[in-house]
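Dear colleague,

Please find below the structure that I am handing over to you, together with its sequence. An account of what was found in it follows.

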Amino acid sequence: MRYPLIVFDWDGTIIDSAGTIAECIQQAAREMALEVPDLARARHVIGLGLHDSLRHAVPELPASRYGDFVALYRKHFLAREDGMRLFSGMPELLSRLQKEHVLAIATGKSRKGLDRALDAGGLRRYFSASRCGDETDPKPHPAMLRELMNELSVSEGEVLMIGDTSHDLEMARAAGVDALAVTYGAHGEADLRACSPLECFSSVQALDAWLTANG
């Protein structure tokens, strides 16, 4: 087995949520009478820490009003959360991988948000550990991966990171671990390939085939 530990990002990698997240960012900006970021800018910040996300998406928003923005964003996101679904083929992939590998999650979501999503989807049983954006240094800092490796007693060469953003891939590179990119999430293929993943995949099925052959 080449990769005893496989670490997944959540939003845009496991669950089809990137579009919703971007639209909720836009809605919150609109309601606060801020310049509304275009979809590309709103999608770019998915996975970053809170302050980094807001500095990029709504740069004119003063830090003193971050809490107001987050409250509006959260209101819109929670109203749409029940309609989000896993990408086609993802439940089957996780079920198969969990029999042969240790699986973990590294996500920019809050701990409360990830726990809610795992319980709603009945997915908690697949993952041995997880790190969230409000628990340690956020992406692209390598802390999430380093902490997971320490907790699960694996070395850099035994870990594979799978994500849909350049932030995931930069985190993996900083931690010294291999990474795969999926192009069906938040960031486009050109931006992902610029971060030198092992490969990019446009579907869960293509990712599954690579993991079957190389994982």
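The notes below go from the chain as a whole to one of its helices.

Please bear in mind that this is a predicted model. The protein chain is built from 10 helices and six strands. Its C-alpha trace spans about 55 × 30 × 30 Å along the principal axes. For 215 residues, a compact globule would have a radius of gyration near 17 Å, and the value for the protein chain, 17 Å, agrees with this.

As regards burial, 52% of the 215 residues count as buried. The accessible surface of the protein chain amounts to about 9,500 Å², and carbon and sulfur atoms account for 48% of that area. When contacts between residues at least 6 apart in sequence are considered, 63% of them join residues at least 24 apart.

The protein chain carries 23 positive and 31 negative charges, and the mean positions of these two sets lie 3 Å apart.

I would also draw your attention to helix α3, which comprises residues 50-57. Which of its residues are buried? They are Ser53, Leu54 and Ala57. Because these residues cover an arc of only 90 degrees around the axis, they lie on the same side of α3. In general, an α-helix has 3.6 residues a turn, so residues three or four places apart point the same way. The cover over the buried residues of α3 includes α1 (18-31), α2 (39-44) and α4 (66-81).

Yours sincerely

Technical notes: Residues numbered from 1 in each chain as written. Predicted model: local features only at pLDDT ≥ 70, side-chain atom pairs only at ≥ 80, totals over all residues. Heavy atoms only, no water. Helix = DSSP H or I, 4+ residues; strand = E, 2+ residues; numbered from the N terminus. Rg over C-alpha atoms; globule rule 2.2 N^0.38 Å. Buried < 20%, exposed > 50% of the residue type's maximum accessible area, 1.4 Å probe, protein only. Contact = heavy atoms within 4.5 Å. Areas by Shrake-Rupley, 256 points an atom, 1.4 Å probe, with all protein chains shown as cover. Lys, Arg positive; Asp, Glu negative; His and termini not counted. Charge placed at Lys NZ, Arg CZ, Asp CG, Glu CD. Arc of directions from axis to C-beta.
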